[in-house]
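Colleague: I am new to this structure and would like to get to know one part of it well. Could you pick a single stretch and take me through it and its surroundings?

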Amino acid sequence: AQELCRDYNMPQDVSTAVLIDEQGAHSHSTAVLRLGRHLGRAYAILSGLALILVPRVVRDVAYRMFARNRGRIWKTVKKMTGLGDT
């Protein structure tokens with residue numbers, strides 16, 4: 001994986017999501033949304049719309065905010081829903 005990331009000039013650590021597919025290398029919000037295509041019809045539609053309608057700069061700001069606060073977000077979700085470790 002690190003060699004592929006190096007070949008595509010993508011981050012080689014776990015600081016962000018990276019997706020390499022038939023259309024090239026993608027990172028941040030684009031990588032996550034492109035994965036939506038493989039998660040079922042509803043996710044495919046929603047992620048496709050987000051890729052088209054929301055500018056990348058806005059998506060990436062939201063992605064970074066989520067990434068920065070994900071621990072706190074998951075703790076809150078766990079507390080509110082009673083789900084196990086996430």
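Modeller: What follows is a close look at one helix and the parts around it.

The model is predicted: local features need pLDDT of at least 70, side-chain atom pairs count only at pLDDT 80 or more, and totals for chains, interfaces and linings use all residues. Residues are numbered from 1 along each chain as its sequence is written, and side-chain values use heavy atoms, leaving out hydrogens and water.

Let us begin with the setting. The protein has four helices and two strands; these are DSSP runs numbered from the N terminus, with helices being H or I of at least four residues and strands E of at least two. Reading from the N terminus, the elements follow the order α-β-β-α-α-α. Along the principal axes, the C-alpha atoms fill a box of roughly 40 × 30 × 25 Å. The protein has 86 residues, and 23% of them count as buried (buried is under 20% relative accessible area, exposed over 50%, partly exposed in between, with a 1.4 Å probe and protein chains only). Contacts, meaning heavy atoms within 4.5 Å, also tell us something about the whole chain: among those with a separation of 6 or more, 21% are between residues 24 or more positions apart.

Now to our helix, H2, which spans residues 28-35. H2 is mostly covered, with six of its eight residues buried. Those residues are His28, Ser29, Thr30, Ala31, Leu33 and Arg34. What do the buried residues of H2 pack against? Their partners are S1, S2, H3 and helix H4, the last of these covering residues 56-81.

Histidine 28 lies in H2 and is worth a pause. Its phi is positive, about 55 degrees, although histidine 28 is not a glycine. Histidine 28 counts as buried because its relative accessible area is 19%. Asparagine 9 makes a good companion here, with a positive phi near 55 degrees in a residue other than glycine. Asparagine 9, however, sits in the loop between helix H1 (2-7) and S1. Its relative accessible area is 70%, so asparagine 9 is exposed.

Further along H2 we meet arginine 34. Its relative accessibility is 7%, which means that arginine 34 counts as buried. Setting aside neighbours within four places in sequence, arginine 34 is in contact with Leu19, Asp21, Glu22, Gln23, His26 and Leu51. For a sense of distance along the chain, arginine 34 and arginine 72 are 38 residues apart in sequence, and their C-alpha atoms are 25 Å apart in space.

Several of those names bring us to the two strands. Strand S1 holds residues 18-21 and strand S2 residues 24-27, and the two pair in the antiparallel sense over four bridges (strands pair if DSSP finds at least two bridges between them). A hairpin of two residues joins S1 to S2. Across the pairing, valine 18 stands opposite serine 27 in S2, and leucine 19 stands opposite histidine 26 in S2.

The side chains of S1 alternate: Leu19 and Asp21 are buried and point to one face, while Val18 and Ile20 point to the other and are not buried. Both Leu19 and Asp21 are among the contacts of arginine 34. Why does aspartate 21 count as buried? Aspartate 21 does so because its relative accessibility is 18%. Beyond its neighbours within four places in sequence, aspartate 21 is in contact with His26 and Arg34. The side chains of aspartate 21 and histidine 26 are also joined by a polar contact of 3.0 Å (a pair of N or O atoms within 3.5 Å, one able to donate a hydrogen and the other to accept it; residues adjacent in sequence count only if both atoms are side-chain atoms).

Finally, H2 also takes part in the largest pocket. Residues lining this pocket are Ser29, Val32, Leu33, Leu35, Gly36, Leu39, Tyr43, Leu46, Ser47 and Tyr63 (on a 1 Å grid, a pocket is an open set of points where a 1.4 Å probe fits, with protein on both sides within 12 Å along at least five of seven lines; lining residues have an atom within 4 Å of a point). Helix H2 and helix H3 (41-53) are the elements that give two or more residues to this lining. The largest share, four residues, comes from H2.
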